[in-house]
Amino acid sequence: MEGKNFIRCLVFIFSVVLVMVFTIFNFPHPLPTSSDLLECATNSAWCTAKNRILRHPTAANLRHDHTADVPHHPLDPLTIQEINKVHKVIKSFFDKSVYSVHSLVLEDPDKEVVLKWKKGETLPPRKASVIARAAGKNYLLTVDVESGEIVEHDTSHISGFPLVTLEDMQKVMSAPLASAHFNRTIVERGVDPKDVACLPFSPGWFGKAEDGRRIVKLECFTTKDTTNFYMRPIEGIIVITDLDTNEVVEIIDKGKHIPIPKGTGTDYRLSAQNGPIIKLPNPISMEQPNGPNFVIEDDHLVKWANWEFHVKPDPRAGVMVSRARIRDPETGVLRNVMYQGFASELFVPYMDPEEAWYFKTYMDAGEYGFGLQALSLDPLNDCPRNAKYMDAIFAAADGTPYVRENMVCIFERYAGDAAWRHTESPITGQMIREARPKISLVVRMVASLANYDYIVDWEFHADGVIHVKVALTGIVIVKGTSYVNMNQVNENENLYGTLLSDNIIGVVHDHYINFYLDMDIDGEDNS
Ligand SMILES: *[C@@H]1O[C@H](CO)[C@@H](O)[C@H](O)[C@H]1NC(C)=O
Ligand SMILES: [Cu+2]
């Protein structure tokens, strides 16, 4: 590559590839109980399964003990010790009143401060940005980790609510069962309330009667005769619930004539497949006889080929890539490329105007936390053998830290392709043949947002390309219908989707993913 043209070769292709594949994955137990979620001391199926949601840093079976971790870089996420300190401050701030923490993350120092900072220098003051809720009020707090000083910001001009925590979801799922009306209508449809699973979909504001309340709509399924309850919706029932009090505000009870789709043939696990033979391929692995070409310094700084960047797990954004720089091959100087990049929001609107569907406009990052829903990766299946893993330290709703193991994997990818090659024609008399392998570096996480699994890759190439790929897999969310055949559908009728199987419609919808990209190619004067 010509040195002078080097900068022109810094081409950034951000393409979002949405691949809808109905694939096979293991979800060990559909509904953990709240005690599993917080303690995991019991030997329930959820606790003994691979993917635990929360693990306390004291758990003896953690792969890495993070209790003594210290920050090395101004953008390093808060450590266990730092979160513990902030937790103490919040607890005394709220005194004895009940509160919930919806976000507790590092308040990033100003960009100029980060840009000026050099390794070995003392870190800028470590601060935590906290979003909490108590007595029906939102709090936006900044806590100085060292001094414990707490600043409460005025939130009176801000509308809306903080994200729904895992604990909120856990708690609200059983709310409908407290309603006799709900039980009655469920039983009338031939469903035993014991088999019901209700999930909180699309929090939001749905009308004046709910003004000022943190409202979510629950949609319910039956888990009877299937692991894949998503295929067995109890269509038309929407339970409007207050997330703060767990109180059922209203039950929309329509669609009584719509049968619940059958459970047979819905198990997505490989072990349940029959008919055409589907089997997992033999294991494949890539050799790196001389070891990997990258290092992760001080837990978060990745150095590979000519690239250097900072990676951190974030409860809302999933993975944050910061201070991405590339070494100029002529001068050896590290040149700025991107100050920070992350998935800022996912937006999934369904396009069915019916009562039980119109509000399904998920904003997965802001409503549920793209990172909070990124569970532990399955080594060798989610990432290749040569991958290294990064754990996340997040704060639970009570403000205490927990460890999400193996949330991010980093690996070199080599598909056997050449990056550049040339063989000189023998007629010139020059015996030259040179081929350089094409290797890239991938930073990956997988967020499981209820039915969907988003695989997000930040792929770095030695020619300066950063390629962001999003793949979508998991299960489609469906709508119950009385139709079993398109012959029954009046030609003027709009199904707002496709009849996929007996009594099942796949509703038309989109997936939008927005990225925050602060590009700093050779300086901040970028647009
Ligand atoms: C509804 O059914 C569930 C499960 O059988 C039960 O635990 C609950 O008490 C019932 N609720 C009411 C209000 O009867
Ligand atoms: Cu979809």
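Sort the shell around ligand 1 by class and you get four nonpolar residues, two polar ones and one that is charged. Keep in mind as you look around that this is a predicted model. The residues surrounding ligand 1 are Leu177, Ala178, Ser179 and Ala180, along with Asn183, Pro193 and Lys194. Two of these names come back when you look at polar atoms. Leucine 177 brings a backbone N or O atom to 2.7 Å from a nitrogen atom of ligand 1. Asparagine 183 uses its side chain instead, with a polar atom there lying 2.4 Å from an oxygen atom of ligand 1. As for cover, ligand 1 on its own has 360 Å² of accessible area, and the protein covers 51% of that.

Now move over to the sheet. It's an open one, built from four strands in the order 7-8-9-10, with antiparallel pairing. Strand 7 (196-201) and strand 10 (248-253) sit at the edges, so to speak, each pairing on one side only. On average, neighbouring strands here are turned by 25 degrees against each other, ignoring direction. Take a look at strand 7 with strand 8 (residues 215-222): six bridges join this antiparallel pair. For one of the residues involved, valine 196, the bridge partner is threonine 222 in strand 8.

What packs on this sheet? That would be helix 6, residues 180-188, which touches strand 7, strand 8, strand 9 (233-242) and strand 10. The direction of helix 6 makes about 175 degrees with that of strand 9. And here the tour links back to where it began: the helix spans residues 180-188, and Ala180 and Asn183 are among the residues surrounding ligand 1.

Note on methods
Residues numbered from 1 in each chain as written. Chains lettered and ligands numbered in written order. Predicted model: local features only at pLDDT ≥ 70, side-chain atom pairs only at ≥ 80, totals over all residues. Heavy atoms only, no water. Near = heavy atom within 4 Å. Polar contact = N/O pair within 3.5 Å; in protein donor to acceptor, adjacent residues only side chain to side chain. Areas by Shrake-Rupley, 256 points an atom, 1.4 Å probe, with all protein chains shown as cover. Nonpolar A, V, L, I, M, F, W, Y, C, P; charged D, E, K, R; others polar. Pairing = 2+ DSSP bridges. Helix = DSSP H or I, 4+ residues; strand = E, 2+ residues; numbered from the N terminus. Axes fitted to C-alpha atoms, helices over the stretch in contact; angles between N-to-C directions. Contact = heavy atoms within 4.5 Å.
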